Each structure stands twice: as C-alpha cells, then as structure tokens.
Amino acid sequence: MPAGTEVTFVRDEIEGEGPLRGLSAGLGVVDAEWVVLAGGDMPDLQPAVLREMLRAARETGVAAVTLSDGGTERPLPAVLRTVPATDAARALLEDGRRSLRDLLAVVATVVVDEPTWTALDPERRTLRDIDEPTDVDH
C-alpha cells in the first residue's frame, strides 16, 4: 500500500447478515462520491479494468458499474456511487434482503461488456478469487 494511504476498518453492525450488511457498514464511513467494491479474496484486480469501470461510472452517472462474465453480471468487483448505494442498501436490509445482487437489481447499473474489460485484462485476472487453498496455485 502506498505511503500515506489511509485505511479504515469497519465491522458489520450485526454479524452473519451477509455481504450487503458489510457493504452498508463500510459505506457509512465513506467520504467520497465513488467506491470500489471488491472481495478480500480477489488478489489480482487489474487497475486498468477498475479505471474503465470508474470511467463508465463518471460518464453515465449511474449508481453502479459491474462486469459482464459469460453473459452474467458479476457483483464483484463493482464501482458504486456512495449516496444511492447507501440508501438502497439500507432499504433492502430493512426489507430483509442481504445480497449484493439485490442491490444491483434496484439501482441504475451499467455493465461493462466482456470484450471491453478483457481487452484490458486478457487473462481475466480481475475476476480471480481465492476460495480454496488450491486456488492459490492458479
């Protein structure tokens, strides 16, 4: 991490309530217009892909930007506009909904198509996640 980078750790208000609860807790301390949402098990996020997602977010003004993968919208990584994402996450949690896909279903979202982002990341490293010890070797 670059020198001078500030990191804030936030814990879920209620443990075990899914990723949307964790996102809501994190958004509650953000003082920025945009956030990049990624899993802690995604070690190979490619800066060029994230920059493309941020560019799409700024140009379109939507509340979320995600990546297409095999015709499916991936919930991670995502670029979120902080205020609408915070409002939507709180409303969904009050309604008992806890998934990131629920959030993406209710906010204006742009999906970066697969040819666009894979031109920046031909090895598709941005979507790599580590779920099992054997994933480290790939």
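Visitor: Where is Pro77 found?
Guide: Pro77 is found in strand S3. S3 spans residues 72-81. In this predicted model, residues are numbered from 1 along each chain as its sequence is written, and side-chain values use heavy atoms, without hydrogens or water. Local features need pLDDT of at least 70 and side-chain atom pairs pLDDT 80 or more, while totals for chains, interfaces and linings use all residues.

Visitor: What makes a stretch a strand or a helix?
Guide: Both are DSSP runs: E over at least two residues for a strand, H or I over at least four for a helix, numbered from the N terminus.

Visitor: What kind of peptide bond joins Leu76 and Pro77?
Guide: A cis one, with omega at about -5 degrees. Most peptide bonds are trans.

Visitor: What is the sign of phi at Arg124?
Guide: Positive, about 60 degrees, and Arg124 is not a glycine. Most residues other than glycine have a negative phi. Arg124 lies in the segment after helix H5 (114-120).

Visitor: Why is Arg124 called partly exposed?
Guide: Its relative accessible area is 29%. Buried means under 20%, exposed over 50%, and partly exposed in between, with a 1.4 Å probe and protein chains only. Arg124 therefore falls in the middle class.

Visitor: Which residues are linked with Arg124 in a network of salt bridges?
Guide: Asp69, Arg74 and Glu114. A salt bridge is a side-chain nitrogen of Lys or Arg within 4 Å of a carboxyl oxygen of Asp or Glu. Side chains of opposite charge can pair when their charged atoms come close. The whole structure holds 9 salt bridges.

Visitor: How do you know that Glu33 and Arg81 meet in a salt bridge?
Guide: Their N to O distance is 2.3 Å. That is within the limit, so the pair counts. This pair links distant parts of the chain, 48 residues apart: Glu33 is in the loop between H1 and S1, and Arg81 is in strand S3.

Visitor: Why does Glu33 count as partly exposed?
Guide: Because its relative accessibility is 48%, in the middle class.

Visitor: What about Glu52 and Arg55: how far apart are the closest N and O atoms?
Guide: They are 2.5 Å apart, and the two residues form a salt bridge. Both lie in helix H2 (residues 47-60), 3 residues apart, about one turn of the helix.

Visitor: Why is Glu52 called buried?
Guide: Its relative accessibility is 16%, under the cut-off, so it counts as buried. Its partner Arg55 has 35% and counts as partly exposed.

Visitor: What makes Arg97 and Asp102 a salt bridge?
Guide: Their side chains meet at 3.6 Å, N to O, which satisfies the limit. Arg97 is partly exposed, at 30% relative accessibility.

Visitor: Why is Leu100 called buried?
Guide: Its relative accessibility is 11%, which puts it in the buried class. Leu100 lies in helix H4 (residues 100-106). Its C-alpha is 8.8 Å from that of Gly18, with their positions 82 residues apart along the chain.

Visitor: Why does Leu93 count as buried?
Guide: It has 12% relative accessibility, again under the cut-off. Leu93 sits in helix H3 (residues 82-94). Leu93 and Arg21 are 72 residues apart in sequence, yet 7.1 Å apart in space, C-alpha to C-alpha.

Visitor: Which class does Arg101 fall in?
Guide: Partly exposed, at 46% relative accessibility. Arg101 is in helix H4.

Visitor: Which residues form a nonpolar patch on the surface?
Guide: Val10, Val29 and Val30, with about 200 Å² of accessible area together (Shrake-Rupley method, 1.4 Å probe). Patch residues have over 30% relative accessible area and no salt bridge; nonpolar side chains (Val, Leu, Ile, Met, Phe, Trp, Tyr) are joined within 5 Å, like charges within 9 Å. Val10 has 35%, so it passes the area cut-off. Val10 is in the segment before H1.

Visitor: What makes a set of points a pocket?
Guide: On a 1 Å grid, it is an open set that a 1.4 Å probe fits, with protein on both sides within 12 Å along at least five of seven lines; lining residues have an atom within 4 Å of a point. The largest pocket holds about 440 Å³ of space, that being the space filled by probe spheres set on the points.

Visitor: Which elements each supply at least two residues of its lining?
Guide: Helix H1 (19-27) and strand S1 (34-37). Among the lining residues are Leu23, Leu27, Asp31 and Trp34.

Visitor: How do the lining residues divide?
Guide: Into 9 nonpolar, 2 polar and 1 charged. Ala, Val, Leu, Ile, Met, Phe, Trp, Tyr, Cys and Pro count as nonpolar, Asp, Glu, Lys and Arg as charged, and the others, Gly among them, as polar.
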